[in-house]
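User: Please take a close look at one helix of this model and describe its course, its burial and its surroundings.

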Amino acid sequence: SIRYKTKMKVRDLLPRNAVDGASTLFALVMIPVGYLHGVFTIAPTVFPVHGVPEEVRQENLSGYYWNVGLMTYLLINSLANYWLVVATDTSCRRVALPVVSQPGWEFCPHCQHHSPPLSHHCGVCRQCILRHDHHCFFTGKCVGHHNQRFFFAFLVNVTIAAVYATVMSFWAVSILVGGFSLVLVPAMVFPVLAWLLGVVPVNPVIMFETSIALLTCTGAGGMLALQLYQLYHGVTFHQLRRGRKGTGGRSFFGNMESALGSRWWACWVFPCIPSPLPSDGLPSFPLGLDMANRDSTASRFSRKVVKNA
């Protein structure tokens, strides 16, 4: 067998194209900006502790600290899991690959090695990914066997943070305008337009951050729902979008353990909680794959060569 070097270099951590770079920059800027917005704008509005009578301050102090503490916890969790998605090598380089092809394995003409089932060559990352799920342009990295746990935990924490920020932002804006109104709902979706028309006489920065929280809630929540759907059916996104069937033979909890580790139920609580995976990403037994419908990297490469000939 052949074992490739697993040490990641600095260039392996950086986005490889403009789309990934812009998306990564957006994510790394908006996550801390949302936190600062919550700590210095939303929390003091909902739980005022400055410029109020001492009795009111004492009543709001516990709510203010709980609010800031929860947002700090979600920020640390989100950024830590984000970093682990980026820094974890999930390519075929980290495992010993056989020199002779095995049943169900295919030869990757780009990487020049045999790749196991469920792996896929990513044209952006320029390497084969173990149990390839998808290429995430918000991290600039592929989600695969060894970092799906961190990607899932990242989505859980970001979704919770976005839902919490949306609710608290609606509460804060309602306080600022003197009460809740149905007009606030479209105003949150189109904050600049609502501010220009004078529909909601609130600082446009607050409205803009609230709309970002609402959009993040929708986007991250949708991706989390998709991940849960995949785990329920035992498929990767790469399989799902090609209409392939899952491996079968496992329950939902079995799929969760296979993808997220033995402590899948707690891995989203904190990234340092150990959750060992049951395998290294290589099949130890024949998988129930639909080999007849499998559109492999090798076959796509062959068709490309024939087409350009």
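Analyst: The expected span of a helix is 1.5 Å times one less than its number of residues. In this predicted model, helix α2 covers residues 18–46, 29 residues in total. From its first C-alpha to its last, α2 reaches 40 Å, close to the 42 Å expected at 1.5 Å a residue. The helix nevertheless has a kink of about 40°, centred on G38. At the start of α2, a side-chain oxygen of N17 comes to within 3.4 Å of the backbone nitrogen of V19.

Burial is considered next. Residues count as buried when their relative accessible area is under 20%. In α2 the buried residues are D20, S23, T24, A27, M30, Y35, H37, G38, V39, I42, A43 and V46; G38, on which the kink is centred, is thus one of them. An α-helix has 3.6 residues a turn, so residues three or four places apart point the same way. The cover over the buried residues of α2 includes α3 (54–87), β7 (134–136), α4 and α7 (204–233).

There is also open space to consider. The largest pocket holds about 780 Å³. Of the 35 residues that line this pocket, M30, I31, V158, A162 and T216 are the closest to its centre. Two or more lining residues come from each of α2, α3, α4 and α7, and α4 gives the most, with ten.

Helix α4 spans residues 148–177 and contains Q148. Q148 counts as buried because its relative accessibility is 2%. Its side chain makes a polar contact with the side chain of Q227, at 3.1 Å.

Notes. Residues are numbered from 1 along each chain as its sequence is written. This is a predicted model: local features need pLDDT of at least 70, side-chain atom pairs count only at pLDDT 80 or more; totals for chains, interfaces and linings use all residues. Side-chain values use heavy atoms; hydrogens and water are left out. Helices (H or I, at least four residues) and strands (E, at least two) are DSSP runs, numbered from the N terminus. Buried means under 20% relative accessible area, exposed over 50%, partly exposed in between (1.4 Å probe, protein chains only). A polar contact is a pair of N or O atoms within 3.5 Å; within protein, one must be able to donate a hydrogen and the other to accept it, and residues adjacent in sequence count only if both atoms are side-chain atoms. The bend at a residue is the angle between axes fitted to the seven residues ending there and the seven starting there. Contact means heavy atoms within 4.5 Å. On a 1 Å grid over the protein atoms alone, a cavity is a set of points where a 1.4 Å probe fits but cannot get out, and a pocket is an open set with protein on both sides within 12 Å along at least five of seven lines; lining residues have an atom within 4 Å of a point. Grid points are joined across faces, edges and corners, and a volume is the space filled by probe spheres set on the points.
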